[in-house]
Amino acid sequence: ANAVRDRLRIAIQKSGRLGDPSRALLTACGLDWRESRDRLFCYGETLPVDLLLVRDDDIPGLLADGVCDLGIVGRNVLAEQAAERAQAGAPAVAAELRALGFGGCRLDIAVPEDWDWQGPEQLRGCRIASSYPQLLRRWLAGEGIDAEVVMLSGSVEIAPRLGQADAVCDLVSSGATLAANQLKPVLTLLRSEAVLAGPVRPFTDARAALMQTLLRRMDGVMRLRH
Ligand code: PRP
Ligand code: ZN
Ligand code: MG
């Protein structure tokens, strides 16, 4: 995990909402790659910065294992991993280095549209479906609410209609998925966007200078966008 390397490796989402804007940001930073987007590994040309195209949910694990040096991932995914490690008494392995201004969404609790929402106490004894069990459990504990967390890695929003859960805790962007499933958002647990995730401690090899260059360029690009 602590191998000395002279190239920087960045993991981004292969397909999905963060994929294209992540690549566009890195291109605006002056990076380019030899391989096309259907390859999973792209070799950096102008700078020794390589790309790995992966599932967003795998990015925190790749950082933890030292397989990748940086990642562009939703704050929600990073926060879930951090909560999971904290829960297990493991040290944090990835830090949010920059907020990137795209991929904005909220981690919300949503309930059936026909509920007369009174407040969090209404969730007591409920089954809540989520792909973010740690963040949800931590929030429930903070509110002192005893509820059952039903872990689902996808299609969380149909769980209430299937009788699998009473409420959900999932990401909301436009709100279309909730509306299509007759659910309404009632609480926000986390405001999220794409972030640059990286090591908690600075590199001590050639990657340190590469990372400085990249961060300086990224800050320049971000300033121009605002
Ligand atoms: C996300 C999220 C919701 C949906 C919300 O899923 O899990 O299901 O988008 O977006 P909306 O409010 O605009 O309808 P996504 O399609 O990104 O796929 P994933 O859950 O498999 O990562
Ligand atoms: Zn995902
Ligand atoms: Mg989804």
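How many helices and strands does the secondary structure of the protein come to? Let's walk through it together.

1. **The fold in outline.** The secondary structure comes to 6 helices and 11 strands. The radius of gyration is 19 Å, close to the 17 Å that the globule rule gives for 226 residues, so the protein is as compact as a globular protein of that length. If you want a feel for its dimensions, the C-alpha trace spans about 55 × 35 × 30 Å along the principal axes.

2. **How far to trust it.** Please keep in mind that this is a predicted model. The average pLDDT of the protein is 95, and 97% of the residues reach a score of at least 70. For the model as a whole, the scores are ipTM 0.92 and pTM 0.94. A general habit worth learning: where pLDDT is low, the predicted coordinates should not be read in detail.

3. **Burial and contacts.** Of the 226 residues in the protein, 35% are buried. Now look at contacts with a separation of 6 or more: 66% of them join residues that are 24 or more positions apart.

4. **Two domains.** The domain assignment splits the protein into domain 1, made of residues 8–103 + 193–225, and domain 2, residues 105–192. Notice that domain 1 is written as two stretches, with domain 2 numbered between them. The C-alpha centres of the two domains lie 29 Å apart.

5. **Where the domains meet.** Here 10 residues of domain 1 are in contact with 9 residues of domain 2. Which helix supplies the largest share of the domain 1 side? Helix α3, residues 75–87, does so with 7 residues. By class, the domain 1 side that touches domain 2 holds 2 nonpolar, 4 polar and 4 charged residues.

6. **Around ligand 1.** Try finding these on the structure: G16, R17, G154, E157, D170, L171, V172, S173, S174, G175, A176 and T177 surround ligand 1. Which elements each supply at least two residues of this shell? They are strand β9 (167–172) and helix α5 (176–180). The most comes from β9, which gives 3 residues.

7. **The character of that shell.** Sorted by class, the shell around ligand 1 has 3 nonpolar, 6 polar and 3 charged residues. You can check this against the names: R17, E157 and D170 are the charged residues, while L171, V172 and A176 are the nonpolar ones. Among the polar residues are S173, S174 and T177, and glycines such as G16 and G154 are also counted as polar here.

Technical notes
Residues numbered from 1 in each chain as written. Chains lettered and ligands numbered in written order. Predicted model: local features only at pLDDT ≥ 70, side-chain atom pairs only at ≥ 80, totals over all residues. pLDDT = per-residue confidence, 0-100. Near = placed C-beta within 6 Å. Helix = DSSP H or I, 4+ residues; strand = E, 2+ residues; numbered from the N terminus. Rg over C-alpha atoms; globule rule 2.2 N^0.38 Å. Buried ≥ 20, exposed ≤ 12 C-beta atoms within 10 Å, placed from the backbone. Contact = placed C-beta atoms within 7 Å. Domains from an automatic or database assignment.
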